[in-house]
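Student: I have a model open and want to check how its descriptive labels are justified. Can we go through them one at a time?
Tutor: Yes, here it is.

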Amino acid sequence: MSIVSINKLNLYYSEFHALKNVDMSIEEKSVMAFIGPSGCGKSTLLRTLNRMNDMINGIRIEGEVKISGQNIYSPDVNVELLRKNIGMVFQQPNPFPKSIYDNIAYGPRIHGIRDKAQLDHIVESSLKAAALWTEVSDNLKKSAYGLSGGQQQRLCIARALAVNPQILLMDEPTSALDPISTLKIEELIRELRERYTIVIVTHNMQQAARISDYTSFFLNGEVIESDQTDKIFTTPTDQRTEDYITGRFG
Amino acid sequence: MADNGELRHIAKRKRKNRLFHQLFFMSTCFGIVALALLLIQVLVQGAGWLDWDFLTSYASRIPSRAGILAALVGTFWLMVITAPLTFIIGVATAIYLEEYGKDTRLSRLIQTNISNLAGVPSIVYGLLGLTVFVQLLSMGRSLLAGALTMTLLVLPIIIVSSQEAIKTVPQSLRNASFALGANRWQTIVRVVLPSALPGIMTGSILSLSRAIGETAPLIVVGAVAYVAFLPSSPLDTFTVMPIQIFNWASQPQAEFQNVAAAGIIVLLIMLLSMNAFAIFLRNKYQKKQ
């Protein structure tokens, strides 16, 4: 069952044609990896899904992006509710300069939840879902900045999960982290797949092969191939895909 | 090993390094020494004349009976009206320029003009206040007119320093907030302002310190020196400490110099208390983070 359906999507940064005729489906409760060389549109497409691109001046979009059957670019869509339903984790961990508790409670509070008992429950379950609870439960009032890089990134994941999204977007979430934190987060992604649809941009092909169910290969703003991960990495259809995967260019 | 030419060159570089080190140090000393001399001079002249009577009496032609009460209360009320006005308008403007109106032609226009306004001589603000507040809006030579004039005077300082403070908040934090479904207003109130507050407070300290010491524009707006009552409403006539001090310092009798010095001490104490309070607020907020 596909939850995201992209049809003939074209995106322009002023004159620059950044995404060309993208057609793609993303299956519910699976992990989709976007791979490809730098600057070929992976992050741009990711940001299109939660309309974070709206904030860039001079952006023009043609085509359709449907999430759960609804075109997210139609004028009656409430962008804030859309973003509540689609969480995002960035490459550099970006916790707020607040306590661990307040970081996680930020999202629910924005959307109107004020009851302390409810917030306590959400904070605990989000931290557990992000595999961070045991490490921080003794002092939730501590500043988020006191955590290590890997812990901060898991905090950002917990923060995104706190508003109960259906989809989680991750833009190179482990590229700024050490190998052990990377491994922990990859394990986390495998667990989260049971409840969420995850789209992850990664430069690390081995990571894509390890954790994703489906992979899309991007080149110069086009999606060259999009298929099950096994197939892409063993018998790719397009020569360019094979060249990239075997390291002939990158 | 280095040859003779290289050794000579190294010695020359070391000398130059030491020379500049000493020059920079002496420049610093110059500033500190000047400030210290000023303070000592004021304390020596005025400390003897500073007593309870001084604080509770009105101005007088007789040095021993002269007091700073009217000016003290005038300055106090001036700050009480100016501070919140300039803070609210200034910070709101900075928020608009940085968060809502960024990169629009209007905000670029405003931006250029604010920087220019910061450099306009204060007497010009005095004339503006006289024309607009005192005469056009019929406020008369009142405390309110003076406070509004001061508000305009220090507004550019608060706007620019608040903008700088808001600029230091990383875009990544705003992105995190938007990605969670917050709108711009929520992001400003919950993420940007709390982070920018220390810088904004510093800017407020700077601007209010300027306002408390202004003399010429307030004379133009009508603050007079011989006020023998306390203002009971914002529309009353008033005086402020710098004007009173200036008036005393201009008197022929030598003793009035000491009275002026005592007045300066009171002004400095008031300034330091105001700054200490702002720093206290800033630190309290920084700890919360």
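Student: In this predicted model, what share of the contacts in chain A between residues at least 6 apart in sequence join residues at least 24 apart?
Tutor: The share is 69%. A pair enters that count if its C-beta atoms lie within 7 Å.

Student: What makes chain A as compact as a globular protein of that length?
Tutor: Chain A consists of ten helices and ten strands. Its radius of gyration is 18 Å, and the globule rule gives 18 Å for 250 residues, so the label follows. The C-alpha trace spans about 55 × 45 × 35 Å along its principal axes.

Student: How many of the 250 residues of chain A, in percent, count as buried?
Tutor: The figure is 44%, where a buried residue has 20 or more other C-beta atoms within 10 Å of its own.

Student: Why are α6(A) and α7(A) called roughly parallel?
Tutor: Helix α6 (residues 149-161) and helix α7 (residues 179-192) of chain A pack at about 20°, with axes 9 Å apart. Angles under 35 degrees count as roughly parallel, and therefore this pair does.

Student: Which hand does the crossing of α6(A) and α7(A) have, and which residues make the contact?
Tutor: The crossing is right-handed. A:G149, A:G150, A:Q153, A:R154 and A:I157 of α6(A) meet A:S181, A:K184, A:I185 and A:L188 of α7(A). By class, these are three nonpolar, four polar and two charged.

Student: How many residues does each chain give to the contact between chain A and chain B?
Tutor: Chain B gives 15 residues and chain A gives 19. On the side of chain B, α7(B) gives the most, with six residues.

Note on methods
Residues numbered from 1 in each chain as written. Chains lettered and ligands numbered in written order. Predicted model: local features only at pLDDT ≥ 70, side-chain atom pairs only at ≥ 80, totals over all residues. Contact = placed C-beta atoms within 7 Å. Helix = DSSP H or I, 4+ residues; strand = E, 2+ residues; numbered from the N terminus. Axes fitted to C-alpha atoms, helices over the stretch in contact; angles between N-to-C directions. Parallel < 35°, antiparallel > 145°, perpendicular 65-115°, else oblique. Left-handed = near helix turned anticlockwise from the far one by under 90°. Nonpolar A, V, L, I, M, F, W, Y, C, P; charged D, E, K, R; others polar. Rg over C-alpha atoms; globule rule 2.2 N^0.38 Å. Buried ≥ 20, exposed ≤ 12 C-beta atoms within 10 Å, placed from the backbone.
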